[in-house]
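Biologist: Before I rely on any label attached to this model, I would like to hear the reasoning behind each one. Could we go through them in turn?

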Amino acid sequence: MKWWQKTIVYELYPKSFLDTEGQGTGTIRGIIEKLDYLESLGIGAVWMTPVCLSPMVDNGYDIADYCQIDPSYGTMEDMEELFAQAEKHHIRIVMDLVFNHTSDQNPWFIESSSSKDNPKSSWYIWRDAKDGREPTNWRGIFGGSAWTWCEKRQQYYLHTFAAGQPDLNWADPDVRKALYDAANFWIDKGAGGFRIDAITYIRKPDVFEDGKPDGEDGMISVHDMTANTPGILEYLHEFKENVTEGKDVFTVGEANGVSAAELPEWVGENGVFDMLFEFSHINLEFKGIETWCRPRPWTVSDLKAALRSSQNMTKDNGWVPVFFENHDKPRCPDHFFPKGCSRNKAAKAIGMILETMRGTPFVYQGQELGYGNVAWPSIDCYNDISSHGQYAFALSEGLSETEALACVHRFSRDSARTPMQWDDSANAGFTSGTPWLPVHEDYRSDNVKTQSDDPDSVLHWYMKLAEIRKTYSDLTDSAYDEMLEEDSCILAYRRGRMRIFVNLSDQPCTYDGNLEDNGKTVLCSYPSHTKGELQPLEAILLEVL
Ligand code: GLC
C-alpha cells in the first residue's frame, strides 16, 4: 500500500486558519505555528486550498501567478519553511491545482485579451458575438452568463465560474505545457500531492450551441453543456505522464459530473488520478449541478446507496477519498441530520464512517470540532461569491427575499469558512485584528482549547479514531463488506475483523445482534452499548477476536 492510502488528509483553509499578522486573514506562518496541533490529529498530509497570488474574487481559486505566494499569506520563504517544518512533523503538503481557469489578472490572460493575434491569443476560450450578444445561453456556475465581453479584443471569453476566472484553452499544447511546468515547480518544492480543482471542465465540446433553458433567465448551466466532455481523459493521461508518473506524490481530482460508474476509467492502475472526489453522497439534494432553490428530499437509504456505489466501483481497482465536508459545503452535523439532534453525536457518527470506510479520510478544518453552520441576517453579510449568485438566481425564479436567504442559510459555503476557533478569547484566538468573516457565535464554548480538556469531545473522538486506524490495519487494508443493506437507518459494514454500526437516525434502532460476531467494543459514542441495539446516532466499532 502507498503512504497516502494509510494516512489521513486534513483539508486546511488557510484564510481562516490562524492569522499571525493581525490582518484578519490567516497566514502561512499561522500554519507553521500549529503544526503540533495538526500532528496531534494523527494526520499525514495537509491539503491547502490555494495560496498563490490572487485578487481573491473566489478566495484564491482565481490565480494570477501559479509560482508566487499571495502576500496576504506570506512569502515563498514562508512556504518553503512550511514544507520543511511539516516534514519534521511527518506531514506532507498537498497543493491545490486550479487548472481549468486563471484569474483575469494573470499576465497570460492580460496578454491573450490584448488582441486577436498575440502569442497567447489562443490560451483562453474566445468567441465572436452572436447577433450582437453572448455566443451561447450558458449560465456560469456562480450565476449570470458564462461569457464576458472584452472591449479590447472585441470578443467574448468563456468562464465556467466568475468573470474574474477565465477558462484556459487546454486544446492549446502551450497552455498544457505551462500548467505542467507549474505543477512540477511545486513537486520540486516538496509537494506531497495535488488536489486538482474543477477538472471536469477542462475539455470543451467541439461545437458551442445553445441548450434548453433550465431557468426563468433563459439560460442553462454551463455544467450541463461542458462537464466531462469526451476526450477529457486524453489530456489527463498527458498530465499524468508529464507531472506525476513515477513520483512519490498522489493526486485527487475534483470531479463534479463524473458518476460512480465512470470511476474505473479515472482512478486505479489505468486511470489518470489516484483518487477522485465524487459528490453523489453529499449532493443528495441535487440532481446534477447544485441549484440551492431546488433541493430534493432524500433519505438515509439514498445516502447509503451513494456510499455503496463509490465503494463498489473501486473495490477491485482504485481508491476513494472518503469525505463529508469541504470548503464548498455546509458543515454536516446540522445539515445531514434532523433539527434538534445532538451535534456532538452527529459529528461522531460522521467521523466514525469517515475514518473506517475503505479509502483515505479527508477531514476538513473544523470538522474535528463538530462545527455547525451559520445563518446570518442578510445576504450582505455573506462573502462567498456563489451565495450571492444562488441568491440572485433564487429571486429570479420567483422566491421571496426571505426564501432566497433561507437557501443561503442551508447551503452557503461561508458556513465552512468561518475562522478556526482556537480558544475562548476575542475572535476565538484566530486574529488580533478584525476577522474577514465573523467567528461563529458558539466559539466561547466550542473551541480547540475547551475540547482538548473534554474527553467526550468531538476532537478527542477524532484523535482516538486516528489512533485506532493506526492500530487496526484492517481499517486501512481490508475490503468493505456492507451488512444490513436494506435497513433504512443503520449503516453497517465489516472491514476484516472490524464491525462498524452507525445509526444515522435520531430514533433508537434494533438489528440482528449476531452480526456483531461477539465483537469487543473498541470505540462507542455512548457510555454503554447493548448488543443488537443502537441509540439515536450511536456509532460503534467492534473487533472480532
Ligand atoms: C472548485 C473549488 C471552489 C471554487 C471552484 C472554482 O469547485 O473547490 O471553491 O470556487 O472550484 O475554482
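**From values to labels**

Modeller: Gladly, with the reminder that this is a predicted model. Let us begin with the cysteines, and with Cys 332, which is buried, with a relative accessible area of 2%.

Biologist: What makes 2% enough for Cys 332 to be called buried?

Modeller: Buried means under 20% relative accessible area, and Cys 332 has 2%, so the label applies.

Biologist: How do you know that the structure holds 0 disulfides?

Modeller: A disulfide requires two cysteine sulfur atoms within 2.5 Å. The cysteine sulfur closest to that of Cys 332 belongs to Cys 341 and is 12 Å away, which is too far for a bond. For Cys 341, the closest cysteine sulfur is in Cys 489, at 11 Å, again too far for a bond. These two cases agree with the total of 0 disulfides.

Biologist: Why are both faces of strand β2 called covered?

Modeller: In residues 45–48, Ala 45 and Trp 47 lie on one side and Val 46 and Met 48 on the other, and all of them are buried. The general background is that side chains in a regular strand alternate between the two faces of the sheet.

Biologist: What makes β1 and β5 pairing partners of β2?

Modeller: Pairing needs at least two bridges between the strands. Strand β1 (residues 9–12) runs parallel to β2 and is joined to it by 4 bridges, with Val 9 opposite Ala 45. Strand β5 (residues 92–97) also pairs with β2 in the parallel sense, over 3 bridges, and there Ile 93 is the bridge partner of Val 46.

Biologist: Why are β16 and β20 said to stand at the edges of their sheet?

Modeller: That open sheet has 5 strands in the order β16-β17-β18-β22-β20, paired antiparallel. Since β16 (481–483) and β20 (520–524) each have a single partner strand, one side of each is left without a neighbour in the sheet. From one strand to the next, the twist averages 25°. The partner of β16 is β17 (residues 490–495), joined to it through 3 bridges, and Met 483 stands opposite Ala 492.

Biologist: How do you know that the largest nonpolar core lies between two domains?

Modeller: This core has 129 residues, and Tyr 10, Leu 38 and Met 79 have the most contacts inside it. Helix α6 (residues 173–189) gives the most to it, with 8 residues. Domain 1 (1–98 + 323–374 + 419–471) and domain 3 (479–543) both give residues to the core, so it lies between them. Apart from it lies another core, of 21 residues, including Trp 292 and Phe 411.

Methods
Residues are numbered from 1 along each chain as its sequence is written. This is a predicted model: local features need pLDDT of at least 70, side-chain atom pairs count only at pLDDT 80 or more; totals for chains, interfaces and linings use all residues. Side-chain values use heavy atoms; hydrogens and water are left out. Buried means under 20% relative accessible area, exposed over 50%, partly exposed in between (1.4 Å probe, protein chains only). Helices (H or I, at least four residues) and strands (E, at least two) are DSSP runs, numbered from the N terminus. Axes are lines fitted to C-alpha atoms, for helices over the stretch in contact, and angles run from 0 to 180 degrees between N-to-C directions. A nonpolar core is a set of buried Ala, Val, Leu, Ile, Met, Phe, Trp, Tyr and Cys residues joined through side-chain atoms within 4.5 Å. Domain bounds come from an automatic or database domain assignment.
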